[in-house]
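Please open the structure in your viewer and keep the selection panel at hand. The tour below proceeds from one selection to the next.

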Amino acid sequence: MLRPGRWRGAAWGTAALAVVPLAVLGTFFLYPVSGMVARGFWPDGSFDPGGVAEVLGRERIHRVLWFTLWSAGLATLFSVLLGVPVAYALHRLRFPGQALLRTLIVVPFVMPTVVAGVAFRQLIARSGPLGGLGLDGTPTAIIAALVFFNVSVVVRTVGSFWEGLDRRTEEAAAALGASPWQVFRTVTAPALLPAVASAASVVFLFCSTSFGIVLTLGGLRYANVETEIYQLTTQELDLQAAAALSVLQIALVTGLLLVSARARTRGAALSRTAPVGRRPGRRDVLVLVWTALVVGFLMTPLVSLVLGSLRTDAGWSLDNYRALQTEGAGNALLVTATRALATSFEVAVQAAAIALVLGAVVAYLVSRRPRSRSGRRMLGAFDGAFMLPLGVSAVTLGFGFLITLNRPPLDLRTSALLLPLAQAMVALPLVVRTLAPVLSSIDPRQREAASSLGAGPFRVALSVDLPHAWRAVVAAVGFAFAVSLGEFGATSFLARDDDPTLPVVIFRLISHPGSENFGMALAASVLLAAATGAVMLAVDRFRVGSMGAF
Amino acid sequence: MSGSAGTLTVRDLTVRFDDGRRGTVVAVDAVDLDLPPGSVTAVLGPSGCGKSTLLRAIAGLERSDRGVIAYGGADLAGTPVHRRGFALMFQDGQLFPHADVAANIGYPLRLRRRRRAEVRARVGELLDLVGLDGYAARMPATLSGGERQRVALARALAVEPRLLLLDEPFSALDRGMRERLAAEVADILRRAGTTSLVVTHDHEEAFAVADRIAVMRAGELVQVGGLAEVWAAPVDASAAELLGYDTVVAGEGAALLGRLVGGDTGEADWDAVALRRSALVLDGSGPLAGVVRAARATPDLVRLELDVDGLGRVSGVADLGQVVAVGQHVRLGVRADRLAALESKN
């Protein structure tokens, strides 16, 4: 009845389980990225760090770096300023219509970057509704678009944290004679700070690695590190410079990730009470007006995008949508936009499946608590490795794919899995971040109880982990699917001209002259936004707290 | 598969923890323990003494650094938790929140692929055993703490485990419920004949459930034996304290008590004596004299703090009817069954 040796076998099983995602990560992330890095340091097969130093000394690179930093910094500042009062209104108060507002707030975050870029361009173009402001091609437009994207990150992260703060601490302060402002300043704000810091660092990360927005709105004058890498590789073929910038970016971003992880763990040790919202009183009027303005700001580009897509030179019409079945004016495309949408769906299904399988395994392993210190350390490193794609620019990844997976033993240039794999790598950290907190929150004694009653490891996962986490699984799949639908950075390198995805098509359309192509780009953007939005809203119904919060 | 007589033997069991900055902590230190078939053994110790780790190691949830855990002579080192045929019951039950009572209790049966009708019948039997008829369809969230523990017990007993491990099974309950459930569980375990190990910090709980007691301190078992035996002769002062003794009197006082109590039996030379709170009783014809320093009425009796000549500060009791005032000089009797001589001073 007893089978000695099986226990040791279980440990080997765990190790074997870890090997699968590690192998995929190694092959389809570390290998391409390091291939890209190697291009910078070994330009002709010999080690030449001087070349990298030379690149980083260029005046143009300095300009790019400086722009990256200050645009991301300002965008982060504004996102926090706009977001924190909204977080209060949506997570500490209770009023009718709140659920709808919470949903609307998330919409921009899940919009593909290309769609947001197109929406802003349409809004501020000389012929657009806000054309009179003369914002076209200015940094203001870029920053506004970045804020548009990231307000929801602040609202979600700070809001879910705020919701869990024990109100009785504030009530105790009030009972001791603190005015509402004093309560906020002395009790709430210090408690909130870790969440705000965590949100801000993530927003800064997103802003400084933003690709689609800066590429569509920056024109030729403004570039950040990410678009510069793109320009250097695709336009100027200066691979060494591109690789040097990638290395710099990886270093900066890894540092930022560490900071945000710190902020996250510092904030984690808080007692959580059942959230009960307060009905808004008179002193909340300002916050509610602020919330309305922010939601208005977020909705304006989207509404304007929809309206713009319904207009042609001849007035209101559906011609832009009809044009989706063509190759565009002047044959801007090789395939129809509807065909590209089909491709996008197909790729997204595969990418989501890959990301889910890998992400579930990683989250499952990460949520275990090994007893030995070395075990914990190994697990921490394992966890960190799968966060790397968050920090490495998708452009670097896409380009790395191109230059490393193009020759034996891995010649995947023509493989249909190339694009799904790249997108799965981009979505993987989000899947892990959605699943892991849910799995970690399960009392380990639940698994121990099941185990002691006779359930093997697989059976334990099935009867304890799955019932707790199935909502998160659904949410993670939807999240990965939406991310993949809108992915542009890596895809811009890897999508084949004769079989592009919809974001690539949209970018190509706005790069071509002609109002018909622009109108078609608007219609395609609406389509892509609707597809992404529908997936995210469906997923949002599952109310998984960890989704979209960092 | 179950019930077949087998003794669980633990020899030289040592479990160390890697405790980050502070280095290694020895949670269980060279423990020897035997659990004879059908016995209910309580491991009694203060929190942090390693008793839960001992239980978890026996369950297979902690890896031992040294020593042997064997059942019926077969070493369990290579046997994972789910193949040991033991069952573990936690302080808060750890019912599966997404499954109803019947599904929770039937869980281990379904794991063993029993037929559906058989599962249903056995679940009914178990519900009856723990006094929860009609609760089959309830969800765990709707149960009281005591009901949850009953369900957890039924779930643990469902497949007649070779050994039942209970980790502080009643400490999450309020006092009245704790006493009632402890008595019932003792009864259920005896009727089922299940070999059990209960880990607790509460001597009353241990007293109510167990027939054998192991006193644990700082990772070591300091005393193991039958309930009455351990109770009557704690190995030292701190064991006495764990067992619910109130004070330890040493030296002259111990000798005095020895003469008063042990005089007839010839055990006159005691070094130290542990007293329960009710060892001294207000008694006009008692042999001891003292002064009342404090008196507090409880529903059953009056608890006294006394300054007793030759003993010092000790506790005592009086009947509710007796009039006691602070500062009053009183005579006191000694109840021999409420005190225990300690073998030697440490």
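Buried area is the accessible area, found with a 1.4 Å probe, that two parts lose on being put together, summed over both. The model on the screen is a predicted one.

**First stop: chain A against chain B**

Select chain A and chain B, and colour them separately. The area buried between chain A and chain B is about 3,100 Å², with carbon and sulfur atoms giving 54% of this area. In this interface, 28 residues of chain A are in contact with 38 residues of chain B.

Next, display the side chains of Arg56(B) and Glu448(A). These side chains meet in a salt bridge, with a distance of 2.6 Å from N to O. Between chain A and chain B the count is two salt bridges. The rule also finds nine residue pairs in polar contact across this interface, both residues being at pLDDT 80 or more.

Which helices of chain A should be selected on the side that touches chain B? Helix 1 (6-41), helix 15 (373-385), helix 19 (444-452) and helix 20 (457-486) each supply at least two residues. The largest share, seven residues, comes from helix 19 of chain A. By class, this side of chain A has ten nonpolar, nine polar and nine charged residues.

**Second stop: the two domains of chain A**

Hide chain B and select domain 1 (1-46 + 318-545) and domain 2 (48-311) of chain A. The centres of these two domains, taken over C-alpha atoms, are separated by 22 Å. Here 44 residues of domain 1 are in contact with 44 residues of domain 2. The two domains bury about 3,700 Å² between them, of which carbon and sulfur atoms give 75%. Highlight Phe41(A), Val395(A) and Leu522(A): they supply 13% of the area that domain 1 buries against domain 2, more than any other three residues.

Across the interface of domain 1 and domain 2 of chain A, the rule finds zero salt bridges, while the count of residue pairs in polar contact is five, both residues being at pLDDT 80 or more. Among the helices of chain A that each supply at least two residues to the side of domain 1 touching domain 2 are helix 17 and helix 23 (515-540). Helix 23 gives the largest share of that side, twelve residues. The residues of that side divide into 28 nonpolar, twelve polar and four charged.

**Last stop: helix 17 of chain A**

Finally, select residues 394-404 of chain A, which form helix 17. Why is helix 17 largely enclosed by the rest of the structure? Ten of its eleven residues are buried, so the rest of the structure largely encloses this helix. Among the buried residues are Val395(A), Leu397(A), Phe399(A), Phe401(A) and Ile403(A).

Definitions and conventions
Residues are numbered from 1 along each chain as its sequence is written. Chains are lettered from A and ligands numbered from 1 in the order in which they are written. This is a predicted model: local features need pLDDT of at least 70, side-chain atom pairs count only at pLDDT 80 or more; totals for chains, interfaces and linings use all residues. Side-chain values use heavy atoms; hydrogens and water are left out. Buried means under 20% relative accessible area, exposed over 50%, partly exposed in between (1.4 Å probe, protein chains only). Helices (H or I, at least four residues) and strands (E, at least two) are DSSP runs, numbered from the N terminus. Contact means heavy atoms within 4.5 Å. A salt bridge is a side-chain nitrogen of Lys or Arg within 4 Å of a carboxyl oxygen of Asp or Glu. A polar contact is a pair of N or O atoms within 3.5 Å; within protein, one must be able to donate a hydrogen and the other to accept it, and residues adjacent in sequence count only if both atoms are side-chain atoms. Ala, Val, Leu, Ile, Met, Phe, Trp, Tyr, Cys and Pro count as nonpolar, Asp, Glu, Lys and Arg as charged, and the others, Gly among them, as polar. Domain bounds come from an automatic or database domain assignment.
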